[in-house]
Amino acid sequence: MKKTAKGYMTVEAAFLITWTMFVFVLLIYLSFYSYDKCVLFQDAYTVCFKGSIQKDERQVIPYITAHMQEQFGKKYFGVGKVVGKVEKNGHTTSVTGECQVKVPIRQLFTMQGSAGWIIRTRAKAQIINPTKVIRKCRWVGNMISE
């Protein structure tokens, strides 16, 4: 007696292909998340650094605020609008950037609560006046060489 069951390979293939597609889509979204997090930190630090080397210390926050959205641009994959915030504490300035990755089925694939995949990063830079630093270095160099 030989028993055969027809269709069991089809059922297994259906599960296998479904899970394979799920894994590939998840990997794509995780790579978007990683890319966006790296680019967001790079942009936040770039605008923070450019603002921190202004000649007048009072122009640091207005410069960063004016150029923040220009620096963030539209280079992010699968995220909503990038929001930035600038703070100054003594001689240090910091830029905080935040955006949210658009996930199709948020309830199943949330990483940080029910709000979805939120990317938040903070970059800091020391506020310096390059002209004063160069002048001091030249003065010290002249004092040593004499």
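## Glu-98 and Arg-120

Glu-98 and Arg-120 pair up through their side chains in a salt bridge, with N and O 2.7 Å apart. Glu-98 sits in strand S2 and Arg-120 in strand S3, so this pair ties together parts that are 22 residues apart in sequence. Keep in mind that this is a predicted model.

How buried or exposed are the two partners? Glu-98 is partly exposed, at a relative accessible area of 33%, and Arg-120 also counts as partly exposed, at 46%.

## Arg-122, Glu-87 and Lys-85

Strand S3 (residues 117–126) also holds Arg-122, which makes a salt bridge to Glu-87. Here the closest N and O atoms are 2.6 Å apart. Glu-87 belongs to strand S1, so the bridge ties together parts that are 35 residues apart in sequence. Arg-122 is partly exposed, with a relative accessible area of 42%, and Glu-87 is partly exposed too, at 31%.

That pair has company: Lys-85, Glu-87 and Arg-122 are linked in a network of salt bridges.

## Asp-43 and Lys-75

How many salt bridges turn up in the whole structure? A search finds six. One of them joins Asp-43 to Lys-75, with 3.4 Å between the closest N and O atoms. Asp-43 is part of helix H1 (residues 8–52), while Lys-75 lies in the loop between helix H2 (60–72) and strand S1 (83–89), so the pair ties together parts that are 32 residues apart in sequence.

Are these two buried or exposed? Asp-43 is buried, at a relative accessible area of just 2%; the cut-off for buried is under 20%. Lys-75, on the other hand, is partly exposed, at 34%.

As a bit of background, side chains of opposite charge can pair when their charged atoms come close.

## Thr-93

Back in strand S2 (residues 92–101) we find Thr-93. Its relative accessibility is 1%, so Thr-93 counts as buried.

What does the side chain of Thr-93 reach? It gets to the backbone oxygen of Glu-87, at 3.2 Å. So Glu-87 turns up twice: its backbone oxygen is reached by Thr-93, and Glu-87 forms a salt bridge with Arg-122.

Setting aside neighbours within four places in sequence, Thr-93 has quite a list of contacts. Among them are Cys-48 and Ser-52, as well as Val-60 and Ile-64. Val-86, Glu-87 and Lys-88 are on the list too, and so are Ala-123, Lys-124, Ala-125 and Ile-127.

Definitions and conventions. Residues are numbered from 1 along each chain as its sequence is written. This is a predicted model: local features need pLDDT of at least 70, side-chain atom pairs count only at pLDDT 80 or more; totals for chains, interfaces and linings use all residues. Side-chain values use heavy atoms; hydrogens and water are left out. Helices (H or I, at least four residues) and strands (E, at least two) are DSSP runs, numbered from the N terminus. Buried means under 20% relative accessible area, exposed over 50%, partly exposed in between (1.4 Å probe, protein chains only). A polar contact is a pair of N or O atoms within 3.5 Å; within protein, one must be able to donate a hydrogen and the other to accept it, and residues adjacent in sequence count only if both atoms are side-chain atoms. Contact means heavy atoms within 4.5 Å. A salt bridge is a side-chain nitrogen of Lys or Arg within 4 Å of a carboxyl oxygen of Asp or Glu.
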